[in-house]
Amino acid sequence: MEQFFASSPRGLEPLLAAELASLGAQRVREVPGGVAFSGDWRVCYMANLWSRLASRVLWRVAEFDYTGEGDIYEAARSVDWMRLFAVERTLRVNVSAQKSPLKSLDFATLRIKDAVCDRFREALGSRPNVDRANPDVRVHAFLEATRGAFYLDTSGEPLFKRGWRAGAGEAPLRENLAAGIVMLSGWKPGEPLLDPMCGGGTLLVEAAAMARGRAPGARRAFGFQKLKIFDAKLWTNIKHEERTTKTVKLEIFGSDNDPRALNDARRNLAAAGVERWVKLEQADILERAAPAAAGVMVANPPYGERIGSKEELALFYPKLGTALKRNFAGWRCHFFTADLRLPKLVRLQPARRVPLYNGALECRLYEIRIVAGSNRR
Ligand SMILES: C[S@@+](CC[C@H](N)C(=O)[O-])C[C@H]1O[C@@H](n2cnc3c(N)ncnc32)[C@H](O)[C@@H]1O
């Protein structure tokens with residue numbers, strides 16, 4: 001049994017815990033920003049390949065007490081790194097801390113890197129090179145007030161990089177956050193789903209991939225492949241395991257009023273291999289009709305941080321409320337935004353508000369049920 005920690009956008013921890021348990025994780029414990037769990041290597045590989053919600057899966061390799069940088073250096077030097085990865089691998093160290101008394105995390109990072117390299121040099125006469133941009137091996141240190149732990153990153157590139165994103169687009173959602181939003185909406189394949197402000201189509205890709213039972217990590221490599229514990233046979237078996245998905249007719253729709261966004265969405269859907277499951281059209285959310293009598297809407301409107309101004313949005317929301325009432329009776333509409341004025345300004349009462357973080361930015365997922373003739377404040 002090994003100990004792991006899967007990080008995720010804050011707010012998705014309960015969903016992540018359930019997802020990891022369904023992949024075989026044991027002793028699953030939620031903490032802010034992720035989920036700790038136990039399991040064997042099969043569970044670790046499964047979590048990397050199949051988790052739609054995790055950002056990274058970290059493997060705990062040591063724990064220690066400390067009061068200053070000196071203790072952290074000694075703790076890092078006492079780890080048998082040569083057993084974990086080869087000296088030819090390039091290295092990067094990351095430190096994050098909560099309530100740590102240390103003045104400089106940069107200095108702690110440097111000391112840990114020195115300790116790893118010193119340990120290698122003593123044993124082998126050579127040391128791994130540092131590559132901050134594209135390392136083979138990432139060592140993460142987590143520091144609390146007096147306790148710390150070292151982890152090796154089994155994911156490598158973060159797991160929200162699925163390998164299908166074509167263009168940068170305008171303020172795209174991270175893929176794991178998008179998957180979480182679709183899950184929180186309670187959408188079930190077979191029900192109509194619409195993103196009427198789809199931008200690069202992240203929510204659409206994630207919904208289609210989920211419904212088709214596509215492994216989010218099928219097209220990418222992982223950090224564990226660069227570690228000495230890597231079991232190539234086990235990995236090949238896991239990748240080739242059949243997973244049966246119920247075939248249901250998918251009704252997934254996307255629109256945006258910006259033709260460039262639609263181009264991005266089209267490219268992304270094609271790169272993810274799900275374009276045949278999603279119908280795209282250029283339309284203004286204020287004008288368009290609902291594609292079905294009832295369904296689930298998920299949308300991530302501009303929120304005046306990176307695009308759209310606060311004043312423009314204040315004028316837009318009341319019109320949005322009117323359009324929803326007029327065209328989407330019978331729909332459960334979900335808006336993911338950092339603009340907490342949204343429910344008040346659309347003048348519709350949310351049935352639910354789920355706090356979610358987009359990086360450090362506090363956001364909400366508002367669910368607004370449109371029932372003909374009601375809801376108006
Ligand atoms: C924050 S972006 C959505 C990003 C998207 N969720 C993704 O992950 O790529 C907001 C999108 O809303 C679109 N938009 C803004 N006003 C709109 C309107 N009135 N009708 C339709 N789309 C609109 C913008 O063109 C932009 O693509």
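Helices and strands here are DSSP runs, with at least four residues for a helix and at least two for a strand, numbered from the N terminus. With that in hand, welcome to the tour of this predicted model.

**Stop 1: the whole chain**

Start with the full chain in cartoon view. You will find 11 helices and 14 strands. The radius of gyration is 23 Å, close to the 21 Å that the globule rule gives for 377 residues, so the chain is as compact as a globular protein of that length. Turn the C-alpha trace along its principal axes and you will see that it spans about 75 × 45 × 35 Å.

Now switch on a surface. The chain exposes about 17000 Å², and carbon and sulfur atoms supply 49% of that area. Of the 377 residues, 53% are buried. If you look at contacts between residues at least 6 apart in sequence, 79% of them join residues at least 24 apart.

**Stop 2: the ligand**

Next, select the ligand and the residues around it. Which residues come nearest? Among the 21 residues around the ligand, they are Leu173, Gly200, Thr202, Asp256 and Ile285. Colour this shell by residue class and it divides into 12 nonpolar, six polar and three charged residues.

Zoom in on the polar atoms. A polar backbone atom of Leu173 sits 2.8 Å from an oxygen atom of the ligand. Gly200 also has a polar backbone atom 2.8 Å from a ligand oxygen. With Asp284, look at the side chain instead: one of its polar atoms lies 3.0 Å from a nitrogen atom of the ligand. On its own the ligand has 610 Å² of accessible area, and the protein covers 92% of this.

**Stop 3: Glu175**

From the ligand shell, keep Thr202 in view and select Glu175, which has Thr202 among the residues it touches. Glu175 is found in helix α6, residues 175–185. Is Glu175 buried or exposed? At 5% relative accessibility, Glu175 counts as buried. Show its side chain and that of Arg165: the two make a polar contact at 3.0 Å. Beyond residues up to four places away in sequence, Glu175 also touches Arg52, Phe160, Arg162, Trp164 and Glu206, among others.

**Stop 4: Arg288**

Now go to the loop between β10 (278–282) and β11 (295–299), where Arg288 is found. Arg288 is buried, with a relative accessible area of 7%. Which side chain does the side chain of Arg288 meet in a polar contact? The partner is Ser255, at 2.9 Å. To see the rest of the surroundings, add Leu194, Pro196, Glu281, Ala283, Asn327 and Phe328, which are also in contact with Arg288.

**Stop 5: helix α2**

Select residues 41–50, which form helix α2. Nine of its 10 residues are buried, so this helix is largely enclosed by the rest of the structure. Show the buried ones as sticks: Trp41, Val43, Cys44, Tyr45, Met46, Ala47, Asn48, Leu49 and Trp50.

What do these residues pack against? Colour the strands β1 (2–7), β3 (34–39) and β4 (56–65), then the helices α1 (13–22) and α8 (232–240), and you have the partners of the buried residues of α2.

**Stop 6: two arginines with positive phi**

Select Arg27 in strand β2, residues 26–31. Its phi is near 45 degrees, a positive value in a residue other than glycine. Arg27 counts as exposed, at 55% relative accessibility.

Then select Arg347, in the loop between α11 (342–346) and β13 (352–358). Arg347 has a positive phi of about 60 degrees although it is not a glycine. At 37% relative accessibility, Arg347 counts as partly exposed.

**Stop 7: Glu144**

Finish in the loop between β6 (137–143) and β7 (147–153), where Glu144 lies. Glu144 is partly exposed, with a relative accessible area of 45%. Leaving aside neighbours within four places in sequence, add Tyr66, Gln98, Lys99, Ser100 and Pro101 to see what Glu144 is in contact with.

For a last exercise, draw a distance from Glu144 to Glu206, C-alpha to C-alpha. How far apart are Glu144 and Glu206 in space? They are 35 Å apart, with their positions 62 residues apart in sequence numbering. Glu206 is a residue you have already met, as one of those that Glu175 touches.

Definitions and conventions:
Residues numbered from 1 in each chain as written. Predicted model: local features only at pLDDT ≥ 70, side-chain atom pairs only at ≥ 80, totals over all residues. Heavy atoms only, no water. Near = heavy atom within 4 Å. Polar contact = N/O pair within 3.5 Å; in protein donor to acceptor, adjacent residues only side chain to side chain. Areas by Shrake-Rupley, 256 points an atom, 1.4 Å probe, with all protein chains shown as cover. Nonpolar A, V, L, I, M, F, W, Y, C, P; charged D, E, K, R; others polar. Rg over C-alpha atoms; globule rule 2.2 N^0.38 Å. Buried < 20%, exposed > 50% of the residue type's maximum accessible area, 1.4 Å probe, protein only. Contact = heavy atoms within 4.5 Å.
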